[in-house]
Amino acid sequence: MRKNNTINRKDFFKTLGSATVASLATAYGCSPKKTQFSTAAISLDDLSSMKMEYRQNPNSDDKVSLLGYGCMRLPTKKISETEREIDQETWNNLVDLSMEKGVNFFDTSPMYCRGKSEQALAIALEKYPRNRYFLSTKLSNFRPDTFSREASLSIYRDSFKALRTDYIDYYFLHAVGLGGMKRFKARYIDNGIMDFLQKEREAGRIRNLGWSFHGDVKVFDYLLETGIKWDFVLIQLNYIDWKHASGININAEYLYLELTKRNIPVMVMEPLLGGRLAKMNYYSTRLLKQKEPEASVASWAFRYAGSLPNVLTVLSGMTYKEHLIDNLHTFSPLKPVSEDDIKMLEEIAGMILDYPLISCTECRYCMPCPYGIDIPGVFAHYNKCIIEGIYPQKKEENDYRKLRRAFLIGYDRSVPKLRQANHCIGCGKCIELCPQRIDIPGEMSRIDEYVERLKTEALNQTE
Amino acid sequence: MGLAVASITILTLLFLDFSATIHACLGWMTRLQFIPAVLSFSVGIIIFLIVFTLLFGRVYCSVICPLGILQDFISWFRARVKKNRFSYSKPLIGLRYTMLVVTLAAIIFGLASFVAFFDPYGAYGRIASSLFAPVYQWGNNVLAYFSERAGSYAFYNVDIWMKSVSALLVAAGTLVVIALLSWRNGRIYCNTICPVGTLLGVLSRFSIFKLVIDVEKCIGCNLCVRNCKSSCININEKKVDYSRCVMCMDCIETCKFEAMRYVYSFKKATQRLTEKENASSRENTSRRVFLSSVGLLAVSGILEAQEKVAEGGLAVIEDKKIPKRDTPVKPPGSQSLRNFSSHCTACGLCVSICPNQVLRPSSDLMHFLQPEMSYEKGYCRPECIKCAAVCPTGAIHEISAVEKSALKIGTAVWIRENCVVITDGVNCNNCARHCPAEAIQMLPIEPDNPKSKKIPVIDAERCIGCGACENLCPARPFSAVYVEGIENHRAI
């Protein structure tokens, strides 16, 4: 209490003291070190204050969460030696957590998880009012015996039944481009399905009509010229595919720009390139961790994809809770990548491309191989060994014996002998099923030759 | 004796060690065995063993022969409960010498399969590879399981499979019979049936170092008789039957009066020993220390299922059936069917060592239990020459990998009705692609049609019979390509 208008010494120090404390507290609270990544992104505690980022669909009122839940890789549990089934309880928990934290977009298809994905999703979403989430599914008629009008219609109608809904927010023509124009015409035009779906949109049973793309750019260009109003398009986009798409894939840069030119919202799939951008070689990991020590390697790929302004949602197949939590951290809200960041990611893309990796995303569309080969298993082992440096090239290498042993024993551990690459007969049935259009028999042959040279200790001999 | 324990341990390990690591330095122990030495006509070893027996008696039977050491172990085990259970018995001369003559005749006429039955090394080998090896492999697989969990490559999983029902039954039967005989009567097999025992017995009768009973000290208590496994001490006449004594030295140990001695002696057995001999002989006797032999891990192994189920599922793979071959396929190095069948003692060492699961005992009566090859589990890989390296009888001669690459042991045969190109209408060239001899080419079914599917054609003059085609052919359960054996192997 001041008697005159002067502050006595006691008060002065008191004020100074509390001011110091207050400013320290504020300084601490506003310290630049405390970014949204300052705590390890595996706990939920700090998420409570974070808010999921949403993007506005330019054609409707929809506010779609930038993180979309992909339902192709649902959690499974073992029920017998060779059979696995969807672990519904775990899935329910994952959906609950994601809904709680603001995810409202769920993407599925009638063929995912051996046909069980849609109904598993419906069960998980049962407790929520229908208007709290967006459902997306697809016309997945990949096999020629489903091209007929009746077959396609029954796939369409079955989706509604499985999802227990009378409208679908986002409906896709699935994997347009595989098989080129010929196949596209057979699947959608000759049987009148394209017209049918547009009518369904008019009737309100489909709210947004679009397509997902893999493969032949001619189909892509054709669809953009048809004059049909597309509400969205789903493309494969990540910092490798942006300018260095492999195999039959088209550079995402081209696809994205063409779509943005026409004001069509873009949805992103394979932001992690099938998981290959979630775990990488030692040096690349260091680069990423140097910039953000407590951010996951995967977060960079998501930030890259989500930084593009015309992206409506980035789909991620989060099988494990820790991945969901990490993504929630990344997207609440998304911290865009800077020019510098992009340069670093380009460098890393270059390093990854230098490795003779096989561009398999383990989507398992190729399975089952009629002759029993475990295609994703063989590729996964091979890729893993390359990334971890278990890939001796010369007998004179320092650790040749150890690496050889690690490669061969690891091979037998991951893939049963009868399902290994040397049993691939090259029938080619898998090639047309692969969305990445990997030359599977060719890669099998390449891996087999390498294994043979390792076994016979003839590494130094070239062909 | 420590030596005996070491001997049987090493010999057993030679059959168990599927990685063939110890064979490099210790493989010679199999070549020291008598019948293998005879079959491979290793003059040096035969002479050595003969001289050794002429000097020291049938020490071979207690220290080198694994079946003998096994019987000693069983006998010792029994003796812990029922002590002093033996008694003197007269030799069964007729049976012994008949067995010896018959065995010699079989060797001369090349019927090694018959010899194999009574060869103690062969018998033990079959027991080790059919009965002990799976247990060892179980133990290994348990270690491999934990090794995998720990991210270590120190141990790897091996396939445990029954290579031959008949071999298993014969081995089990042999073990039961031997166990029963030694449980009741010590070394009765060695002195009535075993041709090696009988032959060495002929020599040991004249051995320079003998067991001698000191009549002055012997009071006739019969303790030595009751502990003599070979039932060969005739205490009434104070004589030891040297042709049956296996030099186990149990009698020396049990005699409380030091009346049994192992001495240099050209004289008759019952002669009184001089003071000097008394003194020196005391130094010769030694206490035996019994060490436990190979501890078998009785671990119930868990074969880790390595089936991973994919989202899209994994196709079921049927087992391949073993094709009926007109001529069996025998390992490279065996030179000819005749050489192999007249030298192989069916010990199963090569079967245990084959890393590709190709060798297995035959159930064909003419070559009973002698190994043959089949390719449904693996094929005879070009860089592997393990079977040739370990064979002690010369049934499989040693060869180098280079020699093997041009050594023909069989010919591949294509079966049109089974080929998936025909039955499934798919492109396949797995046989041609993996043939190390480049003996298979793919040619179009319709030469004028550029889109024609291709079928394999086999050049019999280039094929070496390694079985890569049979193993990697996708047609199941009946392979579309399989290997027929040839009677005489040749270089091509």
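The expected span of a helix is 1.5 Å times one less than its number of residues. In this predicted model, helix α15 of chain A, residues 400-414, offers a case in which that rule can be applied. Because α15(A) has 15 residues, it should span 21 Å, and its end C-alpha atoms are indeed 21 Å apart, in agreement with the expectation.

The same helix also shows how burial is arranged around an axis. Buried in α15(A) are A:Leu403, A:Ala406 and A:Tyr411. Viewed down the helix axis, these buried residues fall within an arc of 125°, and therefore they line one face of α15(A). Their packing partners are two other helices of chain A, α14 (375-387) and α16 (440-455).

From this helix the account turns to the nonpolar cores. The largest of them has 144 residues. Those with the most contacts inside this core include A:Ile375 and A:Val378 from chain A, together with B:Tyr60, B:Cys251, B:Cys350, B:Cys387 and B:Cys469 from chain B. Helix α10 of chain B, residues 120-149, supplies the largest share of the core, with eight residues. Apart from this core lies another, of 86 residues, among them A:Leu47, A:Leu74, A:Ala245 and A:Ala301.

What is B:Cys251 in contact with, leaving aside its neighbours within four places in sequence? Its contacts are B:Leu211, B:Cys224, B:Asn227, B:Cys228, B:Ile233 and B:Met260.

Finally, the two chains touch each other. Chain A contributes 34 residues to the contact and chain B contributes 28. On the chain B side, 14 of the residues are nonpolar, eight are polar and six are charged.

Notes:
Residues numbered from 1 in each chain as written. Chains lettered and ligands numbered in written order. Predicted model: local features only at pLDDT ≥ 70, side-chain atom pairs only at ≥ 80, totals over all residues. Contact = placed C-beta atoms within 7 Å. Nonpolar A, V, L, I, M, F, W, Y, C, P; charged D, E, K, R; others polar. Helix = DSSP H or I, 4+ residues; strand = E, 2+ residues; numbered from the N terminus. Buried ≥ 20, exposed ≤ 12 C-beta atoms within 10 Å, placed from the backbone. Arc of directions from axis to C-beta. Core = buried A, V, L, I, M, F, W, Y, C linked by C-beta atoms within 7 Å.
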